[in-house]
Amino acid sequence: MICGSTPKEELVDRQRAAVWQPEQPVEIEGEGRTPRKRRAILAAATEVFLQHGYLGASMDEVAAKAGVSKQTVYKQFENKERLFAEIVLGTSDQLIDGLVQAYVETLEGADDAREALRALAHRLLDSLTADSVLQLRRLVIAEADRFPDVCGAWFTSGFERSLEALGAALTRLTERGLLRDLGDPTLAAYQFAGLVMYKPMNRAMFAGTRQRPKAGELDKLADQATEVFLAAYGV
């Protein structure tokens with residue numbers, strides 16, 4: 001916990017750190033009624049799907065939360081399957097943008113590999129263990145067999161692309177003499193991400209988002225993941 005912060009303030013800080021948050025409908029000057037309704041439906045549907053899962057989600061509830069008729073929902077998205085696909089695929093670009101920003105802000109221009117990697121590890125832990133990201137991940141995993149193309153595309157166009165970007169960022173550390181030759185940069189990125197995220201992510205998948213890490217646990221994970229990675233790739 002941040003010194004002097006309240007649990008509520010700490011939660012706000014964690015949510016701000018997330019690489020993805022459900023969009024809230026906002027007014028855009030000059031936007032027509034149809035795009036505005038569509039965005040309201042997507043925001044409402046995201047909330048409903050995250051809360052109830054695909055099978056438990058009701059198009060009536062989506063319409064009510066969006067402030068539109070159920071006929072309007074079907075006019076915009078044809079059916080429940082199409083609406084689910086729009087939500088899942090629409091988050092991929094947001095995820096990769098947030099992760100790439102984290103790589104840039106922690107690794108680009110760094111002159112100390114240990115300090116930079118530790119900062120990135122903390123950033124990943126703070127953002128990827130946010131409730132919204134965990135709920136989204138659980139939703140996609142739960143429906144992977146029902147919608148393999150959609151859920152598979154969410155991984156390949158989101159997290160997989162982000163790890164390729166991380167591999168490129170690590171390569172630039174190598175070029176500056178801060179890491180050894182990586183051999184396979186994308187594999188090295190997977191290894192780093194695995195060291196950082198495997199324990200808290202898997203615990204959250206099984207125990208639920210309410211099972212929060214103990215105080216100081218994420219800091220310890222970030223530090224140890226960095227040291228293990230540097231044992232393999234440090235100069």
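**Exercise 1. Place Tyr-190 in the fold and describe its surroundings.**

Step 1. Tyr-190 sits in helix α9, which covers residues 185–207. Helices here are DSSP runs of H or I with at least four residues, strands are runs of E with at least two, and both are numbered from the N terminus. The model is a predicted one: local features need pLDDT of at least 70, side-chain atom pairs count only at pLDDT 80 or more, and totals for chains, interfaces and linings use all residues. Residues are numbered from 1 along each chain as its sequence is written, and side-chain values use heavy atoms, with hydrogens and water left out.

Step 2. Is Tyr-190 buried, partly exposed or exposed? Buried means under 20% relative accessible area, exposed means over 50%, and partly exposed lies in between (1.4 Å probe, protein chains only). Tyr-190 has 32% relative accessibility, so it counts as partly exposed.

Step 3. Together with Phe-155 and Leu-187, Tyr-190 makes a nonpolar surface patch of about 260 Å².

**Exercise 2. Describe the ring pairs of Phe-49.**

Step 1. Start with the rule. A pair of aromatic rings is described by the distance of the centres and the angle of the planes. Rings of Phe, Tyr and Trp (its six-membered ring) pair if their centres lie within 6.5 Å; planes under 30 degrees apart count as stacked, over 60 as edge-to-face and the rest as tilted.

Step 2. How many aromatic pairs does a search of the whole structure find? The search finds eight. One of them joins Phe-49 and Tyr-54: the centres are 6.0 Å apart with 5 degrees between the planes, and the pair is stacked. Phe-49 and Tyr-54 are both buried.

Step 3. Now take Phe-49 with Phe-84. Their ring centres are 5.7 Å apart and their planes meet at 75 degrees, so this pair is edge-to-face. It links distant parts of the chain, as Phe-49 belongs to helix α2 (residues 33–56) and Phe-84 to helix α5 (residues 80–107), 35 residues apart. Phe-84 counts as buried because its relative accessibility is 1%.

Step 4. Put the rings together: Phe-49, Tyr-54, Phe-84 and Phe-147 form one aromatic cluster.

Step 5. Which residue lies over the face of Tyr-54? The answer is Lys-80, at 4.6 Å from the ring centre. For a charge to sit over a ring, NZ of Lys or CZ of Arg must be within 6 Å of the ring centre and within 35 degrees of the ring normal.

**Exercise 3. Find what Leu-83 and Ser-162 touch.**

Step 1. Leu-83 lies in helix α5, and with a relative accessible area of 0% it is buried.

Step 2. Contact means heavy atoms within 4.5 Å. Leaving aside neighbours within four places in sequence, Leu-83 is in contact with several residues, including Ile-41, Ala-45, Phe-49 and Val-62. The C-alpha atoms of Leu-83 and Phe-49 are 10.0 Å apart, and 34 residues separate the two along the chain.

Step 3. Ser-162 is found in helix α8 (residues 148–175). Its relative accessibility is 1%, so Ser-162 counts as buried. Not counting residues up to four places away in sequence, Ser-162 touches Ile-96, Leu-99 and Tyr-103.

**Exercise 4. Step back to the whole protein.**

Step 1. How many helices and strands are there? The protein has 10 helices and zero strands.

Step 2. Of its 235 residues, 42% are buried.

Step 3. Among contacts with a separation of 6 or more, 71% come from residues 24 or more positions apart.

Note on methods. Patch = residues over 30% accessible without salt bridge, like charges linked within 9 Å, V, L, I, M, F, W, Y side chains within 5 Å. Areas by Shrake-Rupley, 256 points an atom, 1.4 Å probe, with all protein chains shown as cover. Salt bridge = Lys/Arg side-chain N within 4 Å of Asp/Glu carboxyl O.
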